[in-house]
Amino acid sequence: MTAKYALQRGLIVIAQLATVAVFLVLWQLGSEHHVLDPVFFSKPTDMWHQLLLWKRTGVLWKNIVDTMTVFLVGYVVGTVLGIVLGIVIGTMTWAREIMEPFLAFFNALPRLILLPLLIVWFGFGLEPKFLLVISVIILMVALNVAAGLREVKVDYLNNARLAGATRFDLVRHVYIPSVSLWVTSTARVTVGYAFNAAIAAEFIGANKGLGFLMYLGLSNTEAVQIWTALGVTVILALVIDFILAGVETRATRWMPAV
């Protein structure tokens with residue numbers, strides 16, 4: 001990393017932090033002077049006090065852990081199943097032709113409306129939340145993997161077959177490396193959908209999680225609770241996106257610079 005690049009990155013971070021600070025100051029002043037109704041928009045200072053209260057009583061970390069558990073388990077399982085499904089429909093023409101109308105139907109179906117049915121089938125535990133997150137991303141991952149497989153050059157496959165490669169060898173040594181970039185590059189998109197699904201799943205029949213805290217604030221007409229839980233959610237999403245950006249950078253380091 002050159003000194004010039006480090007300076008540029010530092011200035012960008014400073015500008016980003018300054019933008020957030022100005023936004024919070026304007027929000028605070030707007031609420032104090034009733035430009036924004038504090039009943040509906042709360043205040044940053046009230047949100048800070050609410051956050052400290054949750055931290056002191058243990059509410060904050062407990063609900064963050066609950067939400068992250070639903071998100072991580074659903075995301076990992078959904079991604080793995082999506083990769084397997086994508087390999088199947090991407091490498092087997094007959095499987096793609098059979099499954100294509102069903103995939104089109106499921107892709108057009110708003111998955112969030114499945115939550116009430118999942119609760120009826122599996123109860124109010126963690127299972128319906130896991131399944132909702134899985135259902136939101138599995139097809140997205142599968143279609144991207146299948147698209148990546150179709151981009152594999154025929155010459156690579158022919159050369160591997162001439163060398164005696166079996167179908168398993170092709171999947172392991174040709175297909176999987178080829179689609180890894182597709183999976184990595186779309187991870188920042190799929191993780192957003194998965195995180196949103198985890199939060200939404202906690203609005204119905206839940207008694208824990210950040211989504212539950214938002215719902216609790218809505219039920220009690222406490223805007224400060226809603227905004228505080230929303231702020232924590234945004235911060236978590238930014239941290240996850242930052243981690244994935246680093247993973248994507250390392251995974252694509254071999255690619256030539258454009």
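Where in the chain does Ser42 lie, in terms of the helices α2 and α3? If you look at the structure above, which is a predicted model, you will find Ser42 in the loop that runs between α2 and α3, the latter covering residues 44-57.

Let me stay with the backbone for a moment. Most residues other than glycine have a negative phi, and most peptide bonds are trans. Ser42 departs from that pattern, because its phi is positive, near 55°, in a residue that is not glycine. His34 also has a positive phi, of about 60°, and again the residue is not a glycine. His34 sits in the loop between α1, residues 3-32, and α2, residues 38-41. How do these two residues stand with respect to the surface, buried or exposed? Ser42 has a relative accessibility of 3% and therefore counts as buried, whereas His34, at 61% relative accessibility, counts as exposed.

Next, the aromatic rings. A pair of aromatic rings is described by the distance of the centres and the angle of the planes. A search through the whole structure finds 5 such pairs. In one of them, the rings of Trp27 and Trp227 have centres 5.2 Å apart and planes at 70°, so this pair is edge-to-face. Trp27 belongs to helix α1 and Trp227 to helix α11, residues 223-251, so their pairing ties together parts of the chain that are 200 residues apart in sequence. Trp27 counts as buried because its relative accessibility is 10%, under the limit of 20%, while Trp227, at 26%, counts as partly exposed. Phe71 and Tyr75 form another aromatic pair, and this one is stacked, with 5.7 Å from centre to centre and 25° between the planes. These two residues are 4 apart in helix α4, so about one helical turn separates them. Both are buried, since Phe71 has a relative accessible area of 2% and Tyr75 has one of 13%. Ring pairs also link Phe23, Trp27, Phe41 and Trp227 into a cluster, which you may like to trace on the structure.

Helix α4 comes up again when we turn to charge. Side chains of opposite charge can pair when their charged atoms come close. How many salt bridges does the structure hold? It holds 1, and in that salt bridge the side chains of Lys62 and Asp66 meet, at 3.5 Å from N to O. Lys62 and Asp66 both lie in helix α4, 4 residues apart, which is about one turn of the helix. Lys62 is partly exposed, with a relative accessible area of 46%, but Asp66, at 17% relative accessibility, counts as buried.

Finally, let us see how α4 meets another helix. Two packed helices are described by the angle between their axes and the distance between the axes. For helix α4, residues 59-91, and helix α7, residues 127-150, the axes come within 6 Å and cross at roughly 35°. The crossing in which α4 passes α7 is right-handed. The residues of this contact divide into 20 nonpolar, 8 polar and 1 charged.

To gather what we have on α4, then, this helix holds the stacked pair of Phe71 and Tyr75, it carries the salt bridge of Lys62 with Asp66, and its axis comes within 6 Å of the axis of α7.

Notes: Residues are numbered from 1 along each chain as its sequence is written. This is a predicted model: local features need pLDDT of at least 70, side-chain atom pairs count only at pLDDT 80 or more; totals for chains, interfaces and linings use all residues. Side-chain values use heavy atoms; hydrogens and water are left out. Axes are lines fitted to C-alpha atoms, for helices over the stretch in contact, and angles run from 0 to 180 degrees between N-to-C directions. A crossing is left-handed if the near helix is turned anticlockwise from the far one by less than a right angle, and right-handed if clockwise. Ala, Val, Leu, Ile, Met, Phe, Trp, Tyr, Cys and Pro count as nonpolar, Asp, Glu, Lys and Arg as charged, and the others, Gly among them, as polar. Buried means under 20% relative accessible area, exposed over 50%, partly exposed in between (1.4 Å probe, protein chains only). Rings of Phe, Tyr and Trp (its six-membered ring) pair if their centres lie within 6.5 Å; planes under 30 degrees apart count as stacked, over 60 as edge-to-face and the rest as tilted. A salt bridge is a side-chain nitrogen of Lys or Arg within 4 Å of a carboxyl oxygen of Asp or Glu.
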